[in-house]
Amino acid sequence: MMNKSRIEALSDGVFAIAMTILVIDIKIAPLTEKSGGYELMGQLWKMWPLFRSYYISFAILGMYWISHHTLFHYFAKHANRPLTYLNILFLCLITLIPFSTHLIGEYPINTVAVAVYGANVIVIGVVQYWMFLLTIKDPQALHEGATPQLIMKSTIRMLMPPAFAVLGIIAGFFHSSLSFFLFAFPVVFNIIPGSLGFLEHILIKEKDGKA
């Protein structure tokens, strides 16, 4: 079995590099020595889509980093071989975010660019949820403190990003700004106090009603 601390150290490093690379692609077009403040402001305004995609992606990576920490700190007692390999795949997909971010920043209204970005977020979420399922279904790997309520909350948090990314891709065929809102919604949702508890309460009521 792989030592969890080594997996977390590698993962933290990959997240840090990916989040840093996001800003490297934001470059302003060269200006002449005679260019004034208005020209600079004009160039910065044209770069608004790049800044928008940067902030959204930085927040999404931060959200995935928190989920990854939760998985290995609150659920997984140890990392078996399948979980280790899935984590490598997860990190591989994380390092693609700077590319898809730059793509959607350069071509914000292009449906293909929106679909590529959304697909990147979806696959990351699916792989992370796969890692989560692998852990909670293995009694030997699951931490004793993982309560059913904690599992439900984490399930909601992990499934929201890929679910809303699917909606974001669909929205890209109608309005690109709506796509960006949907991509960012899970991050905003997690920030709002009590939002997760409210959604959890609804899901529990629906589950009890079907029982």
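These questions and answers cover the fold, cores, open spaces and a few single residues of a predicted model.

User: How many helices and strands are in the protein chain?
Analyst: The pattern read along the sequence is α-α-α-α-α-α-α-α-α. The count for the protein chain is nine helices and zero strands.

User: What percentage of the residues of the protein chain count as buried?
Analyst: Buried means under 20% relative accessible area. The protein chain has 211 residues. The share of them that counts as buried is 44%.

User: What share of the exposed area of the protein chain do carbon and sulfur atoms supply?
Analyst: The protein chain exposes about 12,000 Å². Carbon and sulfur atoms supply 70% of that area.

User: Of the contacts with a separation of 6 or more, what percentage joins residues 24 or more positions apart?
Analyst: Contact means heavy atoms within 4.5 Å. Among contacts in the protein chain with a separation of 6 or more, residues 24 or more positions apart account for 79%.

User: Which helix gives the most to the largest nonpolar core?
Analyst: The core holds 47 residues, and those with the most contacts inside it are Ile60, Leu61, Tyr64, Phe90, Ile94 and Met131. Elements that give two or more residues to this core include helix 1 (4-24), helix 3 (48-75) and helix 6 (111-136). The top contributor, with ten residues, is helix 3.

User: How many residues are in the second, separate core?
Analyst: Ile156, Phe164, Leu182 and Phe189 are among its members. This second core is separate, and its size is six residues.

User: Which residues does Ile60 touch, not counting those up to four places away in sequence?
Analyst: Ile60 is one of the residues with the most contacts inside the largest nonpolar core. With residues up to four places away left out, Ile60 touches Tyr117, Val121, Phe183 and Val187.

User: Which helix supplies the largest share of the lining of the largest pocket?
Analyst: The pocket has about 260 Å³ of space. Helix 3, helix 7 and helix 8 each supply at least two lining residues. The largest share is six residues, and they come from helix 3.

User: Which lining residues lie nearest the centre of the largest pocket?
Analyst: The lining has 14 residues. By class, they are seven nonpolar, five polar and two charged. Nearest the centre lie Met63, Ile66, Ser67, Arg157 and Asn190.

User: How many cavities of 30 Å³ or more are in the whole structure?
Analyst: The largest has about 50 Å³ of space. The second largest has about 30 Å³. A search of the whole structure finds two.

User: How do the residues lining the largest cavity divide by class?
Analyst: Among the lining residues are Ile21, Asp25, Ser53, Pro98 and His102. Helix 1, helix 3 and helix 5 each supply at least two residues of this lining. The division is six nonpolar, three polar and one charged.

User: How many nonpolar residues are in the lining of the second largest cavity?
Analyst: The lining is Ile60, Met63, Val121, Pro161, Ala165, Phe183 and Pro186. Helix 3, helix 7 and helix 8 give two or more residues each. No polar and no charged residues line this cavity, and the nonpolar number is seven.

User: Why does Asn87 count as buried?
Analyst: Asn87 sits in helix 4 (residues 81-94). Leaving aside neighbours within four places in sequence, Asn87 contacts Ile7, Ser11, His68, Phe72 and Met131. The cut-off for buried is under 20% relative accessible area. Asn87 counts as buried because its relative accessibility is 1%.

User: How far apart in space are Ala171 and Leu182, C-alpha to C-alpha?
Analyst: Ala171 lies in helix 7 and is buried, with a relative accessible area of 6%. Beyond its neighbours within four places in sequence, Ala171 contacts Leu178, Ser179 and Leu182. Ala171 and Leu182 are eleven residues apart in sequence, and their C-alpha distance is 8.4 Å.

User: Is Val126 buried or partly exposed?
Analyst: Val126 is placed in helix 6. Val126 and Ala163 are 37 residues apart in sequence and 9.6 Å apart in space, C-alpha to C-alpha. Buried means under 20% relative accessible area, and exposed means over 50%. Val126 has 46% relative accessibility, so it counts as partly exposed.

Technical notes: Residues are numbered from 1 along each chain as its sequence is written. This is a predicted model: local features need pLDDT of at least 70, side-chain atom pairs count only at pLDDT 80 or more; totals for chains, interfaces and linings use all residues. Side-chain values use heavy atoms; hydrogens and water are left out. Helices (H or I, at least four residues) and strands (E, at least two) are DSSP runs, numbered from the N terminus. Buried means under 20% relative accessible area, exposed over 50%, partly exposed in between (1.4 Å probe, protein chains only). A nonpolar core is a set of buried Ala, Val, Leu, Ile, Met, Phe, Trp, Tyr and Cys residues joined through side-chain atoms within 4.5 Å. On a 1 Å grid over the protein atoms alone, a cavity is a set of points where a 1.4 Å probe fits but cannot get out, and a pocket is an open set with protein on both sides within 12 Å along at least five of seven lines; lining residues have an atom within 4 Å of a point. Grid points are joined across faces, edges and corners, and a volume is the space filled by probe spheres set on the points. Ala, Val, Leu, Ile, Met, Phe, Trp, Tyr, Cys and Pro count as nonpolar, Asp, Glu, Lys and Arg as charged, and the others, Gly among them, as polar. Accessible areas come from the Shrake-Rupley method with a 1.4 Å probe; for residues, only the protein chains shown count as cover.
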